[in-house]
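Here is a walk through a two-chain model, written to be read with the structure open beside it. Rotate as you go, and pause wherever a contact catches your eye.

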Amino acid sequence: MLQGIRILDLTDESGFLAGKALGDMGADVIKLEPPAGDPARRAPYLGEIEDPERSLLWLAMNTSKRGITLDLGHARGAELFGELVAGADVVLETSRPGELDERGIGWESLHAAHPRLVWCSITPFGRTGPYATYRGGDLVCVAMGGNQQVTGWHDRAPIACSMPTAYYHGGPEAALGVAMALFARLSTGRGQLVDVSLQETQLQTSLSGPAQYALDPSRNAERRRPGDRMGLSREIWKTADGYVSYGLRGGASRIPNLVALTKWMVECGEAPDWLRDYDWSRYNHNLLDREGFRPFEEAFGAFFEKRSMRELYANAVERRFFLAPCNDAREIAEHVQLRSRDFFTTVEYDWLDLALEHPRGFAHASEDGIGIRRRAPRIGEHDGEVYGELGVAAERLASLRREGVVRDADA
Amino acid sequence: MQTPSIDLAPGVFSGLKVIEMGSGAAGPVATRYLAEQGATVIRIESSKRPDFLRVLWLTPDSKHGLEGSPMFAMLNPGKHSVAFDLKQPRGVAVAKRLVEWADVLCENFAPGPMERFGMSWPALREINPRLVMASGCLFGQTGPHRGYPGFGAQGSALSGFNHLTGWPDRASTGPSGTITDSLAPRYVALAIVGALIERERTGRGQYIDLAQVETAVYSTSDVMLRYFANGEVVTRDGNRNPHAAPHGAFPCAGQDRWIAIACGNEAEWAALRRAMGDPDWCSDPKFGSIEGRKANEDELEQQLGAWTSGFEPHALMETLQAAGVPAGAVQDFEALQHDPQLAARRHFQLREHPALGPLQLEHAGFRLSDSPPDYATPGPVLGAHTSWVLRDVLGLSEDEIASLEADEVLV
């Protein structure tokens, strides 16, 4: 899809996913890292052997990218970066607003000379506004975006997902902004700035909740209380061996699933008398309060607790009710549906003489595949190749290496 | 072509013609990105089977019926609505006429309906070879569980986000909102824009088969690689992070008020110590390294929480940010309404809804420097644009329209 588009990826881990997705779409993504290696080449390591080349975060999130080293803090590095920009369509970066321009290598400094350039800046709060230079990692962005306050239990602190969801949302959001800017350039001939705010991106996980609150202050969602099974939009139930998700919402699109589950319970002889005769067509969850839900919760809860996640899910698939297991990585890796769609692909690690599975891509496309094009780069793996394409003479590259501007593998 | 009574803002997608079929968030939020940038998005709906968001909070006393759902209105701004009953062959026939007109068709039905309508990709490609069609159901168009029905709550469970969100000593809480409903639309829109860029080169459209669950698992590629490489099953750990301490939400003055603080390196920890006035407990050598703070995290959190509980969260955020500490108030929906950053970036746009009054419409998480986002209207009244589409877009005669009306196709 994006063949012929060259992208310079200067991001830290908050933005790795953006370039990964664009690379999976066929763009030539060149990941820049300091000559000493990127700080995100950290634990956990493949085989638990401490080595920046075995960082699983790096290997997972920088697929479909080539890799070069460059010290942007060095005057000659900044100069060389300017030459790279001249041959690029897109720059992706996650520095604090103003930081690159102080060195003459930011959007403000470069876009006039490169009118076709698309520049994507991913920051916690965006490049404008009173919080533009505020610091924030994933947790701060989730907190400021409104999702943390409503996640967790009422008797404990609000929580965020244990993996970085603001980064997970920000990556595809930034990639989308870049794709839009590239689409616009087809007709205008001009590039533009894509100014991503992780806070705003995170706000959208509440699916208009903050805006609904303005209409109805009772919609200021709360964290769940122990004993609750009903949450705002999700219900998690204990099973014999783990947890499943099942909702008690009605409406035309959901009532058949409540009927299907009830039918199974009746077949098993485990539906209470009242439930056996229940007329689901009259069910409206909006008319029930906590007490009103209780008999449903007790009947379904008892049924679920006697069964395994696997049995419940197999029946959900066959009988078409909306129950899903709360899968962990192992269960996802073994999932028959994902396997049948070739969702996992094997990536070769030639220098380690092994191969590892990875999620293949975010979608299937009929014309030109979306998916991993190459493994993540080793430190400086494509220095010679990329600087060669740029026309940097061998002598100059050698001198840059001696000065530590580009990694010197022999040093 | 005449637009209806509203003026569409110019944008990246001005002139782009989009059909939307389906419901909920995963498809509709994807086309919202297009509508926000000027695309003409026409939703094919029917009062016989309304979008479930239109009825989610419906009770017998609801004043505005299918037009009373703020969530529907907020997730579908800037779009048009036609009412076609696709259970009738003539309804399908007009829908196919619209496919001839369209650049993009985005749908997120569970597999089945599009085939039954005779509107699967092979059929539509015959009608319009330049069409870009995206399907975005929960589990994809192929595989043994393709018919598995589900909404976002199931996606969050299946893709591992429930397992990854919560306290280690309790049942998972799952992330608030439904993670697949906020992740998948970004990827749907990204794939659509990628296909449009490719179409400029090839002249051909293409088909995108996207599974919401796969987009979520793809985003957590690092979690999956940790499993494939080391057999590690990443699990939930409250707010804690293996590479940062302190890293959590800490109590503030007032009821259920919190601040998120995340010190990812020694400089940030030193900045926090200074901001606290370097109390005695901080100088204990056991807190002098990340390893030490991780090993003594309960005590660290208790001491820090005792300090934060004397402050209002926003005031404390200002203090800590000024000192160089990544910190942010844990904002509830009320706080988001007063957030000066969101206001400065015009994250919300106010538009009048015919039944609900002024509504806040949320923008994408990025700004394009040459194309500010704009929605002409909130989500459409069901069927509001049927006659405009039939007359002005498709050029049907008054007799044909009268005949469709008489046969109750336009409902």
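In chain B, 58% of the 411 residues count as buried. Keep in mind that this is a predicted model. Chain A also has 411 residues, and there the buried share is 55%. The table puts the overall values for each chain together.

| Chain | Helices and strands | C-alpha extent along the principal axes | Share of contacts (separation of 6 or more) that join residues at least 24 apart |
|---|---|---|---|
| A | 17 helices, 12 strands | about 85 × 50 × 45 Å | 67% |
| B | 18 helices, 12 strands | roughly 85 × 50 × 50 Å | 70% |

**Inside chain B**

Let's stay with chain B for a moment and pick out one strand. Is β1(B), residues 17-21, largely enclosed or not? Four of its five residues are buried, so the rest of the structure largely encloses β1(B). As for its pairing, β1(B) runs parallel to strand β2 (residues 40-45) of chain B, with four bridges between them. If you want one pair to click on, take B:V18, whose bridge partner in β2(B) is B:V41.

Now hop over to helix α8 of chain B, which covers residues 179-202 and holds B:R199. Why does this arginine count as buried? A residue is called buried once 20 or more other C-beta atoms lie within 10 Å of its own. B:R199 has 20 C-beta neighbours inside 10 Å, so it counts as buried. Setting aside the neighbours within four places in sequence, the contacts of B:R199 are B:R130, B:V132, B:R204 and B:G205. For a sense of distance, try B:V92: it sits 107 residues from B:R199 along the chain, and 26 Å separates the two C-alpha atoms.

**Where the chains meet**

How many residues of each chain take part in the contact between A and B? On the chain A side there are 135, and they touch 129 residues of chain B. Helix α7 of chain A, residues 165-188, gives the largest share of the chain A side, with 16 residues. Sorted by class, the chain A side has 74 nonpolar, 42 polar and 19 charged residues.

There is strand pairing across the two chains as well. Strand β6 of chain A (residues 193-197) lines up antiparallel with strand β12 of chain B (residues 366-368), and three bridges link them. Look for A:V194, which stands opposite B:L368 in β12(B).

**Helices α1 and α7 of chain A**

Besides its part in the contact with chain B, α7(A) has a partner within its own chain. Helix α1 of chain A, residues 16-24, comes within 7 Å of α7(A), axis to axis, and the two cross at roughly 50 degrees. Are they parallel, perpendicular or oblique to each other? Angles from 65 to 115 degrees count as roughly perpendicular and those under 35 as roughly parallel, with the rest, short of the antiparallel range, called oblique. At roughly 50 degrees, α1(A) and α7(A) are therefore oblique. The crossing is right-handed.

Which residues do the touching? From α1(A) come A:F16, A:L17, A:A18, A:A21 and A:L22, and from α7(A) come A:Y167, A:Y168, A:G171, A:P172, A:A174, A:A175 and A:V178. By class that makes 11 nonpolar residues, one polar and no charged ones.

**A three-stranded sheet in chain A**

The last stop is an open sheet of three strands in chain A, ordered β7-β8-β9 and paired antiparallel. The edges are β7 (236-238) and β9 (323-325) of chain A; each has a single partner strand, so one side of each lacks a neighbour in the sheet. On average, and ignoring direction, neighbouring strands here are turned by 35 degrees against each other.

Zooming in, strand β8 of chain A (residues 243-246) runs antiparallel to β9(A), and three bridges join the two. A:V244 stands opposite A:P325 in β9(A).

Two helices pack on this sheet. One is α13 of chain A (residues 309-319), which touches β8 and β9 of chain A and makes about 145 degrees with the direction of β9(A). Helix α12 of chain A (residues 290-305) touches β7 and β8 of chain A, and its direction makes about 55 degrees with that of β7(A).

Note on methods. Residues are numbered from 1 along each chain as its sequence is written. Chains are lettered from A and ligands numbered from 1 in the order in which they are written. This is a predicted model: local features need pLDDT of at least 70, side-chain atom pairs count only at pLDDT 80 or more; totals for chains, interfaces and linings use all residues. A residue is buried if 20 or more other C-beta atoms lie within 10 Å of its own, exposed if 12 or fewer, and partly exposed in between; C-beta atoms are placed from the backbone. Two residues are in contact if their C-beta atoms, placed from the backbone, lie within 7 Å. Ala, Val, Leu, Ile, Met, Phe, Trp, Tyr, Cys and Pro count as nonpolar, Asp, Glu, Lys and Arg as charged, and the others, Gly among them, as polar. Two strands pair if DSSP finds at least two bridges between them. Axes are lines fitted to C-alpha atoms, for helices over the stretch in contact, and angles run from 0 to 180 degrees between N-to-C directions. Angles under 35 degrees count as roughly parallel, over 145 as roughly antiparallel, 65 to 115 as roughly perpendicular and the rest as oblique. A crossing is left-handed if the near helix is turned anticlockwise from the far one by less than a right angle, and right-handed if clockwise.
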